[in-house]
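Thank you all for making the time this morning. I would like to walk through one model with you, region by region, and I will put the sequence and the structure up before I start.

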Amino acid sequence: ANAVCACAFSPDSQFVLTGGPDGVGTVWKAASGSVLGHLIGHTEKVLSVSWARDSNLVLTTSLDCTARLWNPYFQFLTALLEGQHGGPITSGAFSPCSKFVATASVDSRIVTWDVAGIALKHFQPHDEPINCLR
């Protein structure tokens, strides 16, 4: 069995998304425990996973200094979020409207993005690494 580094239920509780040390996200059917598919693209450990409120997108963040937006049902990449952080992206979260995401990093910065992958704003609330966004 593979280790799990991050886990999140879909808002409708029908699916579970996990992220592993191998850089792969896995979408599971919650009721049966069967695998719906794999999100393959990160080159390092997945550090966080989250679902959009409308369940149409998922976000993964990684030790490889990228975040990725995916279609969870057909397992394709919709946007690569990169080049705005100076280190591993430790956490990510969707806005309540599901049109924006925020990413946090060991570089002490939070970056907001639209779901097309365009960086919008940078925040540096303090000088310590940021480990978690909600």
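Lys99 sits in the loop between β9 and β10, and since this is a predicted model, please take every value I quote as computed from the coordinates. With a relative accessible area of 55%, Lys99 is exposed, because the cut-off for that word is over 50%. If you follow the chain from Lys99 to Trp113, you cover 14 residues in sequence, and the two C-alpha atoms are 8.8 Å apart in space.

In the loop between β9 and β10 you will also find Ser98, and there the picture of accessibility changes, for Ser98 counts as buried at 7% relative accessibility. From the C-alpha atom of Ser98 to that of Pro125 the separation is 23 Å, with their positions 27 residues apart along the chain.

Let me move on into the strand that follows. Strand β10 covers residues 100-105, and Phe100 has its place there. Phe100 is partly exposed, at a relative accessible area of 38%, and together with Ile118 and Leu120 it forms a nonpolar patch on the surface, the three sharing about 270 Å² of accessible area. Why can Phe100 be counted in such a patch at all? The cut-off for patch residues is over 30% relative accessible area, and Phe100, at 38%, passes it.

Ala102 lies in strand β10 as well, but Ala102 counts as buried, with 17% relative accessibility. The C-alpha atoms of Ala102 and Thr78 are separated by 16 Å, and these two residues are 24 apart along the chain.

Now to the charged pairs. How many salt bridges does the structure hold? The number is 1, and its partners are Arg109 and Asp107, whose side chains meet at 3.1 Å, nitrogen to oxygen. As a general point, side chains of opposite charge can pair when their charged atoms come close. Arg109 counts as partly exposed at 23% relative accessibility, whereas Asp107, at 18%, counts as buried; the two fall into separate classes because the boundary for buried is set at under 20%.

That brings me to the backbone, and to two serines that I would ask you to look at together. Most residues other than glycine have a negative phi. Ser108, however, has a positive phi of about 75 degrees although it is not a glycine, and Ser108 is found in the loop between β10 and β11, the latter strand being residues 110-114. Ser55 likewise has a positive phi, of about 70 degrees, and is not a glycine; its place is in the loop between β5 and β6, where β6 is residues 58-62. Are these serines buried or exposed? Ser108 is buried, with a relative accessible area of 4%, and Ser55 is buried too, at 6%.

I will finish with the pockets. Rolling a probe the size of a water molecule over the atoms shows where empty space is left. The largest pocket has a volume of about 240 Å³, and of the 18 residues that line it, Val49, Ser50, Gly92, Leu133 and Arg134 lie nearest its centre. Strands β1 (6-9), β5 (46-51) and β9 (89-94) each supply at least two residues of that lining, and by class the lining of the largest pocket is made up of 11 nonpolar, 6 polar and 1 charged residues.

The second largest pocket has a volume of about 180 Å³, and its lining includes Asn2, Trp28, Val35 and His38. Here β2 (15-19), β3 (25-29) and β4 (35-39) are the strands that each supply at least two lining residues. By class, the lining of the second largest pocket has 5 nonpolar, 6 polar and 1 charged residues.

One of those lining residues, Asn2, deserves a last word. Asn2 has its place in the segment before β1, and at 65% relative accessibility Asn2 counts as exposed. Its C-alpha atom is separated by 21 Å from that of Arg68, which is 66 residues away along the chain.

Key:
Residues are numbered from 1 along each chain as its sequence is written. This is a predicted model: local features need pLDDT of at least 70, side-chain atom pairs count only at pLDDT 80 or more; totals for chains, interfaces and linings use all residues. Side-chain values use heavy atoms; hydrogens and water are left out. Patches are made of residues with over 30% relative accessible area and no salt bridge: like charges are joined within 9 Å, nonpolar side chains (Val, Leu, Ile, Met, Phe, Trp, Tyr) within 5 Å. Accessible areas come from the Shrake-Rupley method with a 1.4 Å probe; for residues, only the protein chains shown count as cover. A salt bridge is a side-chain nitrogen of Lys or Arg within 4 Å of a carboxyl oxygen of Asp or Glu. Helices (H or I, at least four residues) and strands (E, at least two) are DSSP runs, numbered from the N terminus. Buried means under 20% relative accessible area, exposed over 50%, partly exposed in between (1.4 Å probe, protein chains only). On a 1 Å grid over the protein atoms alone, a cavity is a set of points where a 1.4 Å probe fits but cannot get out, and a pocket is an open set with protein on both sides within 12 Å along at least five of seven lines; lining residues have an atom within 4 Å of a point. Grid points are joined across faces, edges and corners, and a volume is the space filled by probe spheres set on the points. Ala, Val, Leu, Ile, Met, Phe, Trp, Tyr, Cys and Pro count as nonpolar, Asp, Glu, Lys and Arg as charged, and the others, Gly among them, as polar.
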